[in-house]
Number of protein chains: 2
Amino acid sequence: MKSPTELTEAFRANGLKVTPQRQLLFRLMHGNTMHPTADALFSEASVQMPGISLRTVYQTLTDLASMGELRLIDVGAGAVRFDPNVDDHHHVVCQTCGDVRDVYVADSQNLSIDGLDGFAVDSTSILFHGSCARCA
Amino acid sequence: MKSPTELTEAFRANGLKVTPQRQLLFRLMHGNTMHPTADALFSEASVQMPGISLRTVYQTLTDLASMGELRLIDVGAGAVRFDPNVDDHHHVVCQTCGDVRDVYVADSQNLSIDGLDGFAVDSTSILFHGSCARCA
DNA sequence: TGCTAATCTGCATCAATTGCTAACTAGCAG
DNA sequence: CTGCTAGTTAGCAATTGATGCAGATTAGCA
């Protein structure tokens, strides 16, 4: 994801306004490796800006996602998570503490797939389940 | 997933009762390659047994899943899907029609992962997104 | 400084799933 | 075959994550 400053320019260039709410969320997500849910981010944001709406968090994060600045990840735990890392990477999920971490998989683009039957693959997402170092 | 007859025995052996509702669901899921949602299965079941409860569908499918007879798959489309194929396999999802199909990935157990950092991987699920032959 | 489209808040709504309980029944014991 | 009882079912309430909506507000250009 771009820096808050770059995002400000990108938003304006797209005819979108840059509000204090959005700037706060830019800052909270920039370099964030926690893979927060909308709700977690809302809590964080509320500390610095009491009264901010959960709706606004969803809105802004959705905007960022559709601009390709962040990725939505669904680890099947109820709520979607947001990941500012848009590199070609994948995720490990700790079954105990729910922690999500980025990992890089060699040759993930060149997997040998049987049964495709004419299906054209656009993207691949790999999810590893297990236990993190702390919970093991 | 085992055959309806085998499941009947397995349920009894576990102290679970075999009701007509469960038998119907055994039959509907056996060899089913449609990856139905609970709701889709409920509709199908309702044809043969009007009055069956959606709650019962969820209950029975959850029981089957915890007995290892079927797998829950979440393609991030809102509702969980049920897959009676418990082999080591993965899924492709058509972004257009939503269709889900089983595929087999060579060496999916031996991916070279960077950034694990002490994380112990138990299971891997790979999701391929793209367009199926019909929608392309 | 004013205008106007974009945004925000707060609440209603929706969809998937689970919780709860009274009525019912599979399946064993006698 | 009959009765008992633990396990099940139906139906509805409740929960959770997410989105729709409208009136008040505001960013940012002229």
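## Two chains and a DNA strand

Strand S4 (100–105) of chain A is joined by two bridges to strand S5 (residues 113–114) of chain B, and these run antiparallel. Strands count as a pair here if DSSP finds at least two bridges between them, while the elements themselves are DSSP runs numbered from the N terminus, helices being H or I with at least four residues and strands being E with at least two. Within S5(B), B:Asp114 is the bridge partner of A:Tyr104.

This is a predicted model, in which local features need pLDDT of at least 70 and side-chain atom pairs count only at pLDDT 80 or more, whereas totals for chains, interfaces and linings use all residues. Residues are numbered from 1 along each chain as its sequence is written, and chains are lettered from A and ligands numbered from 1 in the order in which they are written.

Between the chains, 33 residues of chain A are in contact with 33 residues of chain B, contact meaning that C-beta atoms placed from the backbone lie within 7 Å. On the side of chain A that touches chain B, S6(A) gives the most, with 12 residues.

Around DNA strand C there are 27 residues, of which A:Leu16, A:Ser53, A:Arg55, A:Thr56 and B:Val80 come nearest; a residue is near if its C-beta atom, placed from the backbone, lies within 6 Å. The largest share of this surface, four residues, comes from H4(A).

The table gives both surfaces by class; Ala, Val, Leu, Ile, Met, Phe, Trp, Tyr, Cys and Pro count as nonpolar, Asp, Glu, Lys and Arg as charged, and the others, Gly among them, as polar.

| Surface | Nonpolar | Polar | Charged |
|---|---|---|---|
| Side of chain A that touches chain B | 17 residues | 10 residues | six residues |
| Surface near DNA strand C | eight residues | 12 residues | seven residues |

Notes:
Two residues are in contact if their C-beta atoms, placed from the backbone, lie within 7 Å.
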